[in-house]
Every structure is written in structure tokens, then in C-alpha cells.
Amino acid sequence: MAHYRVGVIGGGGGRGRSWANRVARWPKNDPHQLELVGIADILEIARNRAAERFGCKVYTDYVEMMDKENPDIVIVATPHYVHAPQAIAAAERGIHVYCEKPMCINLPQADEMAAAVEKSRIKLAVGFQHRFDPIYVALRNAVKSGDIGEVFQINAIYHWWRKEDYYLNSSPVPENKDLDWEGWKGHWPTEGGGAIANQIMHHIDLFQWISPSPVQSVFASSRVAKHTLVETDDNTSAIVEFQNGSMGFIQAGVAYQHDRDEVFGVYGTEGAIVHRKNDKGLFGIPRFFEDYRKKALKKAKRMWSYVPSLKINLNKAVMDNFINAVANDDANSISVDVNEGRKSIELLRAILLSQVHGKKITFPFDDKPTDYPALQHTYQDKDLV
Ligand SMILES: NC(=O)c1ccc[n+]([C@@H]2O[C@H](COP(=O)([O-])OP(=O)(O)OC[C@H]3O[C@@H](n4cnc5c(N)ncnc54)[C@H](O)[C@@H]3O)[C@@H](O)[C@H]2O)c1
């Protein structure tokens, strides 16, 4: 049994508080034990709230927290633009990193993170807890089994909603102090994109993880459809081509106040498997569902359902995966390591850059962070209002 000292960077914010809480209440009978030793947050009110709630030491400066508390692990739960420098600073001190999604905001940052992890030999995991969702695991297994034949189309449709306040009241960061609102959400340089870089990042990861073939190219367009005060996208459509010739479609955003829908569908030459919001499981017509066939055929001629019955705590599962990798010194067992995390950043950046250049982006491509102003301009031209 190992005992790990954990610090949470951004531990006074929404996600950081929830991680600090999980660490502070880590089950006593677990094989490896976690201890919350410090929280770093630049916001005074957030620090005070955390100090009161968790009784641990709080710091304004995350480097000071690492140097004084000497944690074995840090959880990075800060705005997207500081994930890379914070994870790298931890790696340089030999501290393992659990980094919230997205891993960073562009490919040069991803490559710097990979180099730091490689050099320090620390373990780094990216917080994509939905990879442990039994629905998506079953979906991926069905695809891998070959039961639906050759996959020719994968669709990820996520119609979500966020109020404008979500952006305007997001926690302030110094870089935005002279802007209309100081919050980090909804500004290009600090969030690295809108819905596509934030909420939809989970589905971007699942999309390329479930596909049997790597992404080859992307043609995409985004809009600011509903959140007219916000710089970044709230609605995106992207056509993806995979190396094996199959295609994909991502249509997602947070502009859907009146129609919240979710469909993740994989379509093959021998069958299809589809997960829809509010369904308890998957619907499909592959041989994978053979065991359920007779029963279901009574109800419907062609479609039947397979319901993974497991209900698991996804956040506990993704953290267990990381802690076990640290304890067993086994980087290969991390569900999303730094190289795997880079894949979703590559797809995100391709989606964003496709519209800047108005053309299909073929992998690998040159990702220049300086494209941000052009991106912003492109969006403003396309505003609906
Ligand atoms: N995996 C998930 O399902 C999930 C859910 C929510 C959020 N997130 C991710 O968690 C991260 C935080 O999101 P949030 O919604 O909690 O944001 P938030 O604004 O509520 O919290 C961020 C916190 O970081 C602090 N902070 C900002 N800059 C800092 C710095 N340089 N050093 C230390 N602290 C700093 C802020 O003051 C704030 O308290 C993001 O990466 C987000 O995408 C993941």
C-alpha cells in the first residue's frame, strides 16, 4: 500500500474543489491512500473557501505550493491556457500530474508537455473520465470485435446549453483584466476555443478513441450562434475523414437552449450501434447483441438493445487508473497519457484551423498558436447578429 501527498492547483474553483473533496475523503480501505496537502489558487475568495472547507494549507502561487508541500501528485484543475506550464513545472520537480481536460490549448504546448514527461519520467494522465463509461467501453469493444463489419461512419452529435453568465461570471484571470469581462471562459487565449475546446472535448476524445482508424483530415466550420457577447464558438460542424477511408461527423455546441440531444453512432457494413441520450444502453444491429436477440426481436424487427448494467463512479475510476499507474510504475496502463491526450488536441486544433484557412486540414499539420487573431476575426464575420 502506498501513501501519496496530493496538491490541487486551481483547487478553489469548480472542478478543483470537487477533486480536493474527493482526495480529502478518499476511501480508507483503498489499496493506495491519498492525502490532501495543499491547494493553490490565484483567487483570494476561492482560497479562503478551500481553506475553510478542507483545512489544508492554501497558496496563491502553485510553484510555492509544490516547493513547500512537496506533493507526490498534483491535480491541475485550472483554466486551459495554464495547464501546460503548470504540468511542466510539476514534471520538472518530479511530481506526477493528473491534468484536467483539455490537456492544453495547442500542439506546441502538447509537445512541450510530452518532452517534459519523457525527461522526468513522471506519470501524466488527462482527465477524460468518460473513457470509463460502460456505454462507451461497450461501444468501443463492439467496434473492435468486428461484429459491425467495416465501420464507414461515426457520428457525434451533442446539443448542449450554457447560459451567457457561464462565460461572463467565470473566474477572473490577470491576462483578461482589461477586457470586457475578466473571466477565462469565452476568451480565445485563455480557454483555447469555446464549447469545442471545453464541453465537447470529451466527445472529441471518445470519437477518435472509438474509431478503428486514426484521423486523416478535417473540414470544419463554427459559429457564435447564441452567445453574442462571447468570442468563442458555441456551435460547430466538422466532417472528418479517417485513414481507412471511413468518415465521421461532429455536430456539437452549447447553443441548444431548446433541444438538448445526444447521439453517438457507429455505422458499419454489418450493423450499427447507437447511444442516444436518456437510453439506458446501446441500440444496434450487430452480432455483438446476439444474446439479446430473441427477446428483443419480439419487440422490434431490426433493432434491439443491449444495456450495460454497470453504474460506476467515472471520476473515481479515472483517478484509480492514474494512481495505480503511479503505484505500479506503469505508464502504459494510463487511460489517457500525454501522447493519447495530444490526439484530441490535434483534432481540436484541426477543427479550429480548418475555418481560419477555409479548407480541409490534413494530418499532420503545422499548428501555429498565432492563428488566434485570425480565428477570432473569422468568427466575428460569421456572427448571426
Ligand atoms: N472532466 C470534467 O468533466 C470537467 C468538468 C468541469 C471542468 N473541467 C475542467 O477543469 C478545469 C477547471 O474548470 P472549472 O470549471 O473548475 O473552472 P473554474 O474557473 O471554476 O476554476 C478554475 C480555478 O483555477 C484558479 N486559477 C486560475 N488561474 C490560476 C493559476 N495560474 N494558478 C492557480 N489557480 C488558478 C481560478 O481562480 C479558479 O478558482 C478546466 O480545465 C475544465 O475544462 C473538467
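This briefing covers the fold, the core, the ligand shell and some backbone features of one chain. The model is predicted. The chain has 385 residues, and 46% of them count as buried. Its secondary structure comes to 13 helices and 15 strands. Among contacts with a separation of 6 or more, 67% join residues 24 or more positions apart.

**Nonpolar core**

- The largest nonpolar core holds 100 residues. Within this core, Ala87, Val97 and Met113 have the most contacts.
- Helix H12 (residues 338-357) is the top contributor to this core, giving eight residues.
- Both domains take part in the core: at least three residues come from domain 1 (3-127 + 315-335), and at least three from domain 2 (131-311 + 343-382).
- Ala87 contacts Val76, Val97, Cys99, Met113 and Leu124, leaving aside neighbours within four places in sequence. Two of these partners, Val97 and Met113, are themselves named with Ala87 as having the most contacts inside the core.

**Ligand shell**

- The ligand is surrounded by 26 residues. The closest are Gly10, Gly13, Gly14, Arg15 and Leu43.
- By class, the shell has twelve polar, ten nonpolar and four charged residues.
- Helix H1 (residues 14-24) supplies the largest share of the shell, three residues.
- Like the core, the shell draws on both domains: domain 1 (3-127 + 315-335) and domain 2 (131-311 + 343-382) each give at least three residues.

**Helix H1**

- The buried residues of H1 are Gly16, Arg17, Trp19, Ala20 and Val23.
- Seen down the helix axis, these residues fall within an arc of 165°, so they line one face of H1.
- That buried set packs against strands E1, E2 and E4 and against helix H2 (44-54).

**Helix H3**

- H3 spans residues 62-69, and its buried residues are Tyr62, Met65 and Met66.
- These buried residues lie within an arc of 95° when viewed down the axis of H3, so they line one face of the helix.
- Exposed Glu64 and Asp67 sit on the face of H3 turned away from the buried side.
- The packing partners of the buried residues are four strands, E1 (3-9), E2 (33-40), E3 (57-59) and E4 (73-76), plus helix H4 (83-92).
- Asn70 follows H3 and has a positive phi, near 50°.

**Cis peptide bonds**

- Most peptide bonds are trans. Two cis bonds are described here, one from Lys101 to Pro102 and one from Phe363 to Pro364.
- The bond joining Lys101 and Pro102 has an omega of about -15°.
- Pro102 sits in the loop between strand E5 (96-100) and helix H5 (107-120).
- Is Pro102 buried or exposed? Pro102 counts as buried because it has 28 C-beta neighbours inside 10 Å, and the cut-off for buried is 20 or more.
- Not counting residues up to four places away in sequence, Pro102 touches His80, Gly192, Ala197, Met201, Ser344, Ile345 and Leu348.
- Pro102 and Ile200 are 98 residues apart along the chain, yet their C-alpha atoms are separated by 9.9 Å.
- The bond from Phe363 to Pro364 has an omega near -10°.
- Pro364 belongs to the loop between strand E15 (361-362) and helix H13 (372-382).

**Positive phi in loops**

- Most residues other than glycine have a negative phi. Arg121 departs from that pattern, with phi near 60°. Asp329 does too, with phi near 50°.
- Arg121 is in the loop between H5 and strand E6 (124-127).
- Which class of exposure does Arg121 fall into, buried or exposed? Arg121 has 10 other C-beta atoms within 10 Å, so it is exposed, the cut-off being 12 or fewer.
- Asp329 is in the loop between helix H11 (314-327) and H12.
- Asp329 also counts as exposed, because it has 9 C-beta neighbours inside 10 Å.

Methods
Residues numbered from 1 in each chain as written. Predicted model: local features only at pLDDT ≥ 70, side-chain atom pairs only at ≥ 80, totals over all residues. Helix = DSSP H or I, 4+ residues; strand = E, 2+ residues; numbered from the N terminus. Arc of directions from axis to C-beta. Contact = placed C-beta atoms within 7 Å. Near = placed C-beta within 6 Å. Nonpolar A, V, L, I, M, F, W, Y, C, P; charged D, E, K, R; others polar. Domains from an automatic or database assignment. Core = buried A, V, L, I, M, F, W, Y, C linked by C-beta atoms within 7 Å.
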